[in-house]
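Dear colleague,

I am passing the structure on to you here, and below it I set out what was found, beginning with the charged pairs and ending with the nonpolar core.

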Amino acid sequence: MKEKEDVLFKKLLELAPDVPSEEAYTRAMEELSKILEIEFQEDLSKMINIADNEIYPVEELQEKILNILIPHFVEVKQKIDNDAKALWEKALRGEIKIKDIEKFEIMDKSLFLGSNILGIILETRDFEVMNKLLPYFVLLPARIMKVIFNNKDLSELQEDFKLIARKIKEVHPQPTTVDDYFLEELLEK
């Protein structure tokens, strides 16, 4: 299992966008879809066989998939929110050095966007919303790692944050939580 995780991690880093553009993210999402189909072909085949045998309408099958995924999303969102809280507690205690402020901001925005994406998926319970936003949730951390590994300027990630904030607003235009209003702040910077 560890070997498979390492291979997937390596592939994810390779397909992470090299530049912060919608086209680069679209290409990366297409490649991510192909990789997931290959890596999880057995699981997908089982689900298709079950669906074929049960003859579920598409909406019902989507609902069943969401019912399987939602508890995992809740757990991951809770972890992200706890990480963000711990990061801010560290900052408020003065434990972040001046030279690390940019890294703090990158982590904070990344955690915020990840939590926001999962929150919208949980709130809407909409399969289409999940399909549109989840790839950004997966690709943003890979993009951050790629920038760090290639010793690129971290400020380059600001464009990624804006791009993802715009996508979130596109998919979920009506703010329903306080966090949604912070998207505007990301877009203004």
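**Salt bridges and core**

The side chains of Lys 99 and Asp 100 form a salt bridge at 3.8 Å, N to O, where a salt bridge is a side-chain nitrogen of Lys or Arg within 4 Å of a carboxyl oxygen of Asp or Glu. Please keep in mind that this is a predicted model, in which local features need pLDDT of at least 70 and side-chain atom pairs count only at pLDDT 80 or more, while totals for chains, interfaces and linings use all residues. Residues are numbered from 1 along each chain as its sequence is written, and side-chain values use heavy atoms, leaving out hydrogens and water.

Lys 99 is exposed, with a relative accessible area of 67%, whereas Asp 100 is partly exposed at 22% (buried means under 20% relative accessible area, exposed over 50%, partly exposed in between, with a 1.4 Å probe and protein chains only).

By the same rule the count comes to 16 salt bridges. Among them, Asp 160 and Arg 143 meet at 2.9 Å, N to O, and this pair links distant parts of the chain, with Asp 160 in helix H7 and Arg 143 in helix H6, 17 residues apart (helices are DSSP runs of H or I, at least four residues, numbered from the N terminus). Both Asp 160 and Arg 143 are buried, and salt bridges that share partners join them with Lys 152 and Glu 156 into one network.

As for the largest nonpolar core (buried Ala, Val, Leu, Ile, Met, Phe, Trp, Tyr and Cys residues joined through side-chain atoms within 4.5 Å), Tyr 25, Leu 113, Leu 139 and Ile 164 touch the most other members among its 42 residues. The largest share, ten residues, comes from H6.

Best regards

Terms used
Helices (H or I, at least four residues) and strands (E, at least two) are DSSP runs, numbered from the N terminus.
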